[in-house]
Amino acid sequence: MIKLYFNPQSRATITKWMLDECGATYELVPVDFATREHKAPAFLAVNPAGKLPAMVDGDVRMFENAAICLYLADKFPDAHLAPPLDSPERGRYLSLMVYSTSQLEPAMGDALLKLETPPSRGWTTFDVARSVVEQELGDKPYLLGEFTAADIMIGSMFIWMRRFGGPKESPRLEAYVDRLLARPHAAAVRG
Ligand SMILES: N[C@@H](CCC(=O)N[C@@H](CS)C(=O)NCC(=O)O)C(=O)O
């Protein structure tokens with residue numbers, strides 16, 4: 001059975017949302033930050049970076065949310081959480097999955113911590129990242145039209161931005177966040 005190393009106060013809630021949308025059967029393995037269980041050898045053997053989430057599926061060992069969500073979307077094709085391999089939307093889907101973690105998330109961190117984002121960093125300001133997402137969303141209900149793992153990765157950032165007291169977003173983004181929060185399995189990231 002899939003094992004998700006989990007703490008409810010962590011990004012592992014994103015993986016939990018994904019697993020629930022997949023209809024997967026899985027076991028939550030609690031990881032206690034207070035006792036630094038995530039830096040103990042037993043956990044470092046699963047994720048040498050000492051961070052949540054981490055996931056084990058038989059012989060498969062994984063860390064990093066984007067990688068885990070990409071893996072799960074392909075493992076559970078009946079959940080239709082990724083465009084098929086031969087779909088022209090596949091490229092945009094992969095780009096958005098990577099964008100969520102390489103650009104949007106660090107930009108959001110800078111914005112919340114009120115840090116400058118110099119152009120020499122590998123990511124942009126949150127203002128730029130937000131407008132990229134808004135453009136990719138367009139008038140569609142979800143980034144790819146239908147709900148996919150990209151909405152879990154990108155939507156979680158906007159859900160958290162709202163939760164952590166970020167500025168009000170445009171009506172289009174606010175409606176997107178409301179739509180995501182209305183999904184029963186989003187409970188994991190709702191806090
Ligand atoms: N890019 C990683 C980020 C993982 C991450 O930073 N996890 C945090 C929890 S939200 C963590 O484990 N922090 C504990 C630490 O670094 O000591 C992912 O998305 O999987």
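1. Helices and strands are taken here as DSSP runs, a helix having at least four residues and a strand at least two, and they are numbered from the N terminus. On that basis Pro53 is found in the loop between α2, residues 41–44, and β3, residues 54–57. The model under review is predicted, and the points below should be read with that in mind.

2. The peptide bond that joins Leu52 and Pro53 is cis, with omega at about 5°. Most peptide bonds are trans, and most residues other than glycine have a negative phi. Leu52 and Pro53 both belong to the surroundings of the ligand, and a reader who inspects the cis bond between Leu52 and Pro53 may therefore wish to look at the ligand in the same view.3. The ligand is surrounded by Ser10, Arg11, Phe33, His38, Lys39, Lys51, Leu52, Pro53, Glu64 and Asn65. By class, this shell divides into 3 nonpolar, 3 polar and 4 charged residues. The space that the ligand takes up is the largest pocket of the model.

4. Polar side chains of the shell approach oxygen atoms of the ligand at several places. For Lys51, an N or O atom of the side chain is 2.7 Å from a ligand oxygen, while for His38 the corresponding distance, again from a side-chain N or O atom to an oxygen of the ligand, is 3.1 Å. A polar atom in the side chain of Lys39 lies 3.3 Å from an oxygen atom of the ligand. Taken on its own, the ligand has 510 Å² of accessible area, and the protein covers 79% of it.

5. Two residues other than glycine deserve a comment on their backbone. Arg36, in the loop between β2 (26–30) and α2, has a positive phi near 55°. Lys114, in the loop between α4 and α5 (126–137), likewise has a positive phi, of about 55°.

6. How exposed are Arg36 and Lys114? Arg36 has a relative accessible area of 49%, and because the exposed class begins over 50%, Arg36 counts as partly exposed. Lys114, with a relative accessible area of 75%, is over that cut-off and so is exposed.

7. Ala12 is found in helix α1, which comprises residues 12–22. With a relative accessible area of 0%, Ala12 falls under the 20% limit and is therefore buried. Ala12 and Leu104 are 92 residues apart in sequence, and their C-alpha atoms are 17 Å apart in space.

8. Ala111 has its place in helix α4, residues 90–112. Its relative accessibility is 30%, a value between the 20% and 50% limits, so Ala111 counts as partly exposed. From Ala111 to Asp127 there are 16 residues in sequence and 8.8 Å in space, C-alpha to C-alpha.

9. Ala186 is found in the loop between α7 (171–181) and α8 (187–190). Is this loop residue buried or exposed? Ala186 is buried, because its relative accessible area of 0% is under 20%. Its C-alpha atom is 8.7 Å from that of Ser156, and Ala186 and Ser156 are 30 residues apart in sequence.

Technical notes. Residues numbered from 1 in each chain as written. Predicted model: local features only at pLDDT ≥ 70, side-chain atom pairs only at ≥ 80, totals over all residues. Heavy atoms only, no water. Near = heavy atom within 4 Å. Polar contact = N/O pair within 3.5 Å; in protein donor to acceptor, adjacent residues only side chain to side chain. Areas by Shrake-Rupley, 256 points an atom, 1.4 Å probe, with all protein chains shown as cover. 1 Å grid on protein atoms, 1.4 Å probe; cavity = no way out; pocket = protein on both sides within 12 Å on 5 of 7 lines; lining within 4 Å. Sits in = over half its atoms within 2 Å of the grid points. Nonpolar A, V, L, I, M, F, W, Y, C, P; charged D, E, K, R; others polar. Buried < 20%, exposed > 50% of the residue type's maximum accessible area, 1.4 Å probe, protein only.
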